[in-house]
Amino acid sequence: MTVIPPGSIIGILGAGQLGRMTALAAARLGYKVHVFAPESMDSSCGQVVAHHTQAGWHDLRALARFADDVDVITLEWENVPTYAVEFLARHIGVHPGANVLSVAQDRVAEKSFANKLGIGTAPFRAVRNLEQLTQATAEIGLPAILKSTRMGYDGKGQLRLNPGDDLTGAFDAIGSDEAILEGFVDFEREISVVTARQADGSILSYPPVENRHKSGILETTTVPAAISPDVAAEAVRIAEAIASELHVVGLLSVEMFVTRDGRVLVNEMAPRPHNSGHWTLDFAETSQFEQLVRAICGLPLGPVGVIAPCVMTNLIGDDVDQWQSILAEPGARLHLYGKGDARPGRKMGHVTRPTV
Ligand SMILES: Nc1ncnc2c1ncn2[C@@H]1O[C@H](COP(=O)(O)OP(=O)(O)O)[C@@H](O)[C@H]1O
Ligand SMILES: [Mg+2]
């Protein structure tokens, strides 16, 4: 396995808070970071790195210059166009690779991939028009959720369909005519697992954590998840099976539903650090961001133990105004992302509190 030593330059595609926290972890281990993104230097990640290329994903010259400047590339946004990643990979290692992205960017592809491995998901159908949607609702039943196949996040591009709903206009409501209809899972809880995998196949997962969402946006992550050892082991097995089968180098984060009868179903996956892994910054032996750096640079993976049970709460929109009182709270660990405008629904920071 190639070792990329401290002192080297890590390239990050994307400039949001996940890139920012990855860059800070990289700096702690003595790496330099060069970020490539369409956003300006004042982005969440741009603010904390010395090297920044502001260019579009189609700008092959800028991509080539970027590839020449860095020693390895990773990404903090799974929707980087695969053509850009394939182009970069002709020059330098990009982890995770385009094969992983092409599955993770497409809800139909990711669910089909899981099913192919014998891993359960909500029942689903790819639907592109009203006729297919009508047929799919008849097969899957209602309630169900219609989602845009690509680019959705924080519950955007989704519509819940209930019995008796008029389906006309459903595609307009989600803003896409490439969609997936998913049966509604009456889950007991939502959990996730962040797995790290290296080029030599070594693999290590954080324990499953429990996620609560509000209006489609992650609100809290509770560590560890209140699930049986069997369910926890199954969740880890699932995440590791997908990461191995996709030959992920870096991180794979898998969101799952635990059903009332104890089954574990995959909801979605992201080949990058995950919001539900932010607790690791303060309450795990190694943070998910450092683990990503270790994984892509061929360093030994760090231990993944929980230092203390905790709850991570996202600061969304003007929740961030609470920063002063959070700072005054003993034990609370505050992280702010350097975003200027606290628009409703925007992730501005998070706080993690120990629960014992
Ligand atoms: N098939 C489903 N059944 C029940 N709830 C769902 C289903 N799909 C999504 N949800 C709920 O909506 C949330 C957001 O959906 P998700 O597919 O994870 O999209 P996003 O990319 O926006 O995170 C999930 O975490 C879950 O709470
Ligand atoms: Mg999700």
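Biologist: Why are helices H2 and H3 called oblique to each other?

Modeller: In this predicted model, H2 (residues 60-69) and H3 (residues 82-89) pack at an angle of about 45°. Angles under 35 degrees count as roughly parallel, over 145 as roughly antiparallel, and 65 to 115 as roughly perpendicular, the rest being oblique. An angle of about 45° falls in that last group, and H2 and H3 are therefore oblique to each other. Their axes lie 10 Å apart, and the crossing of H2 and H3 is right-handed.

Biologist: Which residues of H2 and H3 meet, and how many of them are nonpolar, polar or charged?

Modeller: From H2, the residues are Leu60, Leu63, Ala64, Phe66 and Ala67, and they meet Ala84, Phe87 and Leu88 of H3. This contact of H2 with H3 comprises 8 nonpolar residues, with no polar and no charged ones.

Biologist: What is the angle between H1 and H10, and what is their arrangement called?

Modeller: Helix H1 (residues 17-28) packs against helix H10 (residues 288-297) at an angle of about 65°, and their axes are 8 Å apart. The range from 65 to 115 degrees counts as roughly perpendicular, so H1 is roughly perpendicular to H10. The crossing of H1 and H10 is right-handed. H1 contributes Leu18, Met21, Thr22, Ala25, Ala26 and Arg28 to the contact, while H10 contributes Phe289, Glu290, Leu292 and Val293. These residues divide into 7 nonpolar, 1 polar and 2 charged.

Biologist: What makes the peptide bond between His95 and Pro96 worth describing?

Modeller: Most peptide bonds are trans. The bond that joins His95 and Pro96 is cis, with omega at about -5°. Pro96 is found in the loop between H3 and helix H4 (98-104). The peptide bond from Leu142 to Pro143 is also cis, with omega near 5°. Pro143 is placed in the loop between helix H6 (130-140) and strand S6 (144-148).

Biologist: What is the phi value of Ser215, and where is this residue found?

Modeller: Most residues other than glycine have a negative phi. Ser215 is a residue other than glycine, yet its phi is positive, near 50°. Ser215 is found in the loop between strand S11 (209-214) and strand S12 (217-223).

Biologist: How do you know that Lys147 makes a polar contact with ligand 1?

Modeller: The cut-off for a polar contact is a pair of N or O atoms within 3.5 Å. A polar side-chain atom of Lys147 lies 2.6 Å from an oxygen atom of ligand 1, so the pair meets that cut-off. For Gly155, a backbone N or O atom lies 2.5 Å from a ligand 1 oxygen atom. For Glu255, a polar side-chain atom lies 3.0 Å from an oxygen atom of ligand 1.

Biologist: How many residues surround ligand 1, and which are the closest?

Modeller: Ligand 1 is surrounded by 19 residues, the closest being Lys147, Gly155, Glu190, Asn267 and Glu268.

Terms used. Residues are numbered from 1 along each chain as its sequence is written. Chains are lettered from A and ligands numbered from 1 in the order in which they are written. This is a predicted model: local features need pLDDT of at least 70, side-chain atom pairs count only at pLDDT 80 or more; totals for chains, interfaces and linings use all residues. Side-chain values use heavy atoms; hydrogens and water are left out. Axes are lines fitted to C-alpha atoms, for helices over the stretch in contact, and angles run from 0 to 180 degrees between N-to-C directions. Helices (H or I, at least four residues) and strands (E, at least two) are DSSP runs, numbered from the N terminus. A crossing is left-handed if the near helix is turned anticlockwise from the far one by less than a right angle, and right-handed if clockwise. Contact means heavy atoms within 4.5 Å. Ala, Val, Leu, Ile, Met, Phe, Trp, Tyr, Cys and Pro count as nonpolar, Asp, Glu, Lys and Arg as charged, and the others, Gly among them, as polar. A residue is near a molecule or strand if one of its heavy atoms lies within 4 Å of it. A polar contact is a pair of N or O atoms within 3.5 Å; within protein, one must be able to donate a hydrogen and the other to accept it, and residues adjacent in sequence count only if both atoms are side-chain atoms.
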